[in-house]
Amino acid sequence: RLVGLGRAADTQVDFTKEERLYIAPSLTFQPNAATSLTLLTSFQRDPETGFYGFIPSVGTALPNRNGRIRSNLFPGEPDYEGYSRNALNLGYAFEHRFNDVFTFRQNLRYSDLESRNRTVAVASLAANQRTLNRRVTASNEKAQTFGVDNQLQADFRTGPLTHKLLFGVDGYWVDGTAFTGAGGVVQPLDAFVPVYGRRPFAVPAIPGTTQLTEQYGIYLQDQIKLDRLSLLVGGRFDRAMARTRNMTNGALTKQDDTANTGRVALMYNFDNGFAPYASYSTSFEPMAGTSFGGSPFKPSEGEQFEVGLKYEPPGYNAFFQAALYDLTQTNVPTADLNNVGFQIQTGEIRARGFEFEARATVLENLDLVAAYAYTDAEVTKSNGADLGKRPPVVPRHMASLWAHYTFKTGLFSGLGLGAGVRYVGKGAGDPGNTFFTDDYALVDAVI
């Protein structure tokens with residue numbers, strides 16, 4: 001199979017384009033019914049990635065005595081800006097079924113990633129509420145990653161119980177280099193009457209860091225069925241290591257972590273189509289990369305409780321699902337508002353919420369999809385002004401409705417028409433929740 005994509009587009013922001021080239025050949029070799037090997041390759045080049053900066057809240061989400069700042073305002077320097085990236089992936093997926101009980105799988109991938117970013121970004125808005133103070137931000141990053149996952153699955157019975165037992169060992173390696181910096185001297189810009197081309201300006205030094213991360217894991221999971229009752233029990237052990245070196249002063253930061261995680265879930269399928277369930281899970285994920293200042297990211301850990309109800313009415317092409325959850329996650333990567341294109345970590349975020357989804361086919365021709373999500377998120381551990389506040393951007397309410405009609409007979413047989421609307425509630429505009437962005441709706445249509 002060969003998949004390819006070429007795309008070039010303007011955006012709503014002046015002087016900004018999006019471009020992408022992508023090609024992904026793959027080949028499956030299946031010498032017999034029990035063995036399959038799929039070779040997977042892909043290359044993606046993004047010469048331009050659109051607008052990745054920001055404009056001030058005063059004049060957009062908040063009032064400005066000079067009026068409203070245009071949403072297409074480009075606050076940088078058109079002749080200097082650039083954010084490009086390349087990604088090469090090579091790998092395979094192998095599967096062999098020894099007999100009716102045992103199946104072995106191995107998934108492997110190597111990636112070579114590179115990105116270059118330089119921009120003139122807004123540092124602050126002057127007291128006159130129209131002059132943008134600016135600075136240069138630049139980064140060059142490269143990384144080679146390698147991952148392999150080995151799985152042995154056993155399907156068997158013990159008396160009335162049906163088992164799907166999964167045992168696995170995996171490893172993941174990242175070798176990365178990053179040069180990042182910000183500062184310099186850049187002329188200010190009038191947000192209402194912008195004048196560009198004020199080069200040259202001073203570009204800051206971009207200190208470098210190298211980072212090697214390794215993660216090894218072993219896991220065991222059993223999916224057990226007794227008539228209509230399903231039980232899932234799984235456990236995992238991880239060991240992670242990170243070595244980060246400052247290329248300017250040679251300082252080496254070492255980080256070693258181990259973690260035990262697991263999950264358990266129970267579901268019962270009633271004859272009338274109802275299936276209540278409950279689950280509990282914990283997670284551990286090392287975070288490759290560094291903050292703008294070069295500090296390595298700490299691993300993220302999580303804990304989630306969930307209860308829900310699924311319903312598939314007999315005799316109808318319809319499905320309904322509702323869920324309540326309580327999720328806590330530590331060291332969550334979030335956007336660094338002081339350094340465009342970089343991230344910082346929030347100590348701990350707790351999210352509680354409700355989700356509902358419904359899908360149904362009506363009168364054989366009309367497909368309907370509706371969804372709603374309520375999210376009560378709060379920063380529960382932090383040394384900053386976001387403690388006890390809502391994480392930026394996360395809306396409290398989200399909803400969507402989609403309809404798709406397909407002609408089955410007549411002149412337009414085979415033609416499909418669809419339309420829908422997505423609603424996103426207001427979100428916090430900054431970590432301290434001093435202002436909120438407006439809610440909005442998006443309309444989609446398809447032929």
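Start by selecting Thr406 and look across to β18, where its bridge partner is Gly416. Strands here (E, at least two residues) and helices (H or I, at least four) are DSSP runs, numbered from the N terminus. Now widen the selection to β17 (residues 397-406) and β18 (residues 416-424): the two run antiparallel and are joined by nine bridges. Two strands are said to pair if DSSP finds at least two bridges between them.

A word on what you have open: this is a predicted model, in which local features need pLDDT of at least 70 and side-chain atom pairs count only at pLDDT 80 or more, while totals for chains, interfaces and linings use all residues. Residues are numbered from 1 along each chain as its sequence is written, and side-chain values use heavy atoms, with hydrogens and water left out.

**Next stop: the other partner of β18**

Keep β18 on screen and add β21 (residues 440-446). These two strands pair in the antiparallel sense, over seven bridges. To find one spot along the pairing, pick Val421, whose bridge partner in β21 is Val443.

**A loop residue with a positive phi**

Now click on Asn433, in the loop between β19 (427-428) and β20 (436-437). Its phi is near 60°, a positive value in a residue other than glycine. Is Asn433 buried or exposed? Asn433 is buried, because its relative accessible area is 16%; buried means under 20%, exposed over 50%, and partly exposed in between, with a 1.4 Å probe and protein chains only. Show what surrounds it: leaving aside neighbours within four places in sequence, Asn433 is in contact with Lys389, Arg390 and Ala428, contact being heavy atoms within 4.5 Å.

For a second example, go to Glu364, in the loop between β15 (343-362) and β16 (366-381). Glu364 is also not a glycine, and its phi is positive, near 65°. Glu364 counts as exposed because its relative accessibility is 65%.

**Along β5, β6 and β7**

Select β5 (residues 102-125) and β6 (residues 131-158), which pair in the antiparallel sense over 23 bridges. Along that pairing, Ser111 has Thr145 in β6 as its bridge partner. The two strands form a hairpin with five residues between them, and Gln129 in the turn has a positive phi of about 60°.

Next, add β7 (residues 161-183). β6 and β7 pair in the antiparallel sense too, over 23 bridges, and you can mark the pairing with Ala143 and its bridge partner in β7, Gly176. Their hairpin has two residues between the strands, and there Gly159 takes a positive phi near 65°.

While β7 is selected, pick Phe167, which is found in this strand. With a relative accessible area of 37%, Phe167 is partly exposed. What does Phe167 contact, leaving aside neighbours within four places in sequence? The list is Asn150, Gln151, Leu152, Ile218, Tyr219 and Leu220. If you want a distance to draw, try Phe167 to Val369: 37 Å from C-alpha to C-alpha, with their positions 202 residues apart in sequence.

**Into the cores**

Return to β6 and add β8 (residues 189-190), which pairs with β6 in the antiparallel sense over two bridges. Leu132 has Leu189 in β8 as its bridge partner. Both leucines belong to the largest nonpolar core, along with Ile69, Leu73, Val122 and Ala191. Such a core is a set of buried Ala, Val, Leu, Ile, Met, Phe, Trp, Tyr and Cys residues joined through side-chain atoms within 4.5 Å. Centre on Ala191: not counting residues up to four places away in sequence, it touches Ile69, Leu73, Arg130 and Leu132. Apart from that core lies another one, of five residues, among them Tyr80, Val120, Val186 and Phe201.

**Zoom out**

Finish with the whole protein chain, which has 21 strands and zero helices. Its C-alpha atoms fill a box of roughly 75 × 60 × 50 Å, taken along the principal axes. Of its 447 residues, 31% count as buried. Among contacts with a separation of 6 or more, 59% are between residues 24 or more positions apart.
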